[in-house]
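I opened the model today to look up its salt bridges, and I wanted to know where the paired side chains sit along the chain and how exposed they are. My entries follow the structure.

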Amino acid sequence: MKYTKMYQALQKVLDRDEQIDYAMSSKTAGLIELWDLMYKGRAPWVGCNIDDAGIPAAVAGEVARLTTLEMESRVEGSERAEFIDAYYQKVLGDLRVQTEYAFAKGGMVFKPYVSGHGIVVEYIQADSCFPLEYGSNGVTRWAFLEQFRRGSDIYSRFEIHTLRDDMLSIQNRVFVSRTEGMLGTEIPVGSVEKWAGLMKEVRFTGVKKIPVGYFRVPLGNNEDSNSPLGVSVYARAVKRIREA
């Protein structure tokens with residue numbers, strides 16, 4: 001998936017219905033894509049005569065190891081706290097790996113929801129989430145992308161969370177394409193078996209904050225200082241990593 005192309009495709013879809021002052025610039029989108037490729041060992045400068053040294057993955061992994069090495073945390077105080085802590089401990093068990101992804105790509109969204117098995121937390125990496133609008137209380141509109149391939153068809157689902165005047169709207173928009181990096185044709189969400197149980201839109205009142213947690217790497221963005229998003233832990237060493 002090309003992050004920048006998907007972001008541009010999403011903008012075209014949304015611009016048909018309304019004008020949006022997008023929270024993320026195309027420059028920041030390009031940086032997220034670069035950090036992701038570096039982490040995967042597929043940086044633009046890697047080719048037939050240049051091997052990947054594995055530095056980005058090593059840096060992100062070591063920072064994540066040091067961050068979570070002696071971490072202990074729990075929820076206490078009541079029977080409800082004990083119930084929540086059981087699921088919370090499962091998240092802590094995943095934290096070492098998930099923070100590595102977050103450190104590599106600049107951030108991560110933690111999206112909890114209730115399933116038939118209790119509370120589940122979905123980890124959405126930076127190259128699968130798109131901040132659309134930003135206010136004094138943080139990001140007020142997110143788009144989360146899920147994709148899968150079936151044969152030659154690529155199915156994409158955008159789950160769009162919008163918070164306005166204490167009203168939370170969650171929309172599902174599904175597309176099918178045969179070209180990588182393109183959304184293609186919009187189809188009903190119920191026409192895809194995997195997503196058949198989802199509604200096109202649901203709304204909730206009395207909501208003060210979009211019910212997700214966003215972890216951003218606490219470093220300044222010297223490439224785009226107006227961006228509300230985090231940066232990779234190796235963002236300031238891209239040139240040195242390329243030289244290596």
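**Salt bridges, notebook entries**

In this predicted model, I first looked up E18 and found that it forms a salt bridge with R164, with the closest N and O atoms 3.4 Å apart. I noted that E18 lies in the loop between α1 (3–15) and α2 (26–39) while R164 belongs to strand β5 (residues 153–164), so the pair ties together parts that are 146 residues apart in sequence. I then checked exposure: E18 is partly exposed, at a relative accessible area of 25%, and R164 is also partly exposed, at 40%.

Next I turned to D36 and K105, whose side chains meet in a salt bridge at 3.0 Å, N to O. This pair links distant parts of the chain, since D36 is in helix α2 and K105 in helix α4 (residues 79–105), 69 residues apart. I recorded both D36 and K105 as buried.

I also looked up R65, which forms a salt bridge with E62, the closest N and O atoms being 2.8 Å apart. Both R65 and E62 lie in helix α3 (residues 55–68), where they are 3 residues apart, about one turn of the helix. R65 counts as partly exposed at 33% relative accessibility, and E62 is partly exposed as well, with a relative accessible area of 35%.

Finally, I asked which residues are linked in a network of salt bridges, and I wrote down K111, E122, E146, R157, E159 and K194. For the whole model, I entered a count of 22 salt bridges.

Conventions
Residues numbered from 1 in each chain as written. Predicted model: local features only at pLDDT ≥ 70, side-chain atom pairs only at ≥ 80, totals over all residues. Heavy atoms only, no water. Salt bridge = Lys/Arg side-chain N within 4 Å of Asp/Glu carboxyl O. Helix = DSSP H or I, 4+ residues; strand = E, 2+ residues; numbered from the N terminus. Buried < 20%, exposed > 50% of the residue type's maximum accessible area, 1.4 Å probe, protein only.
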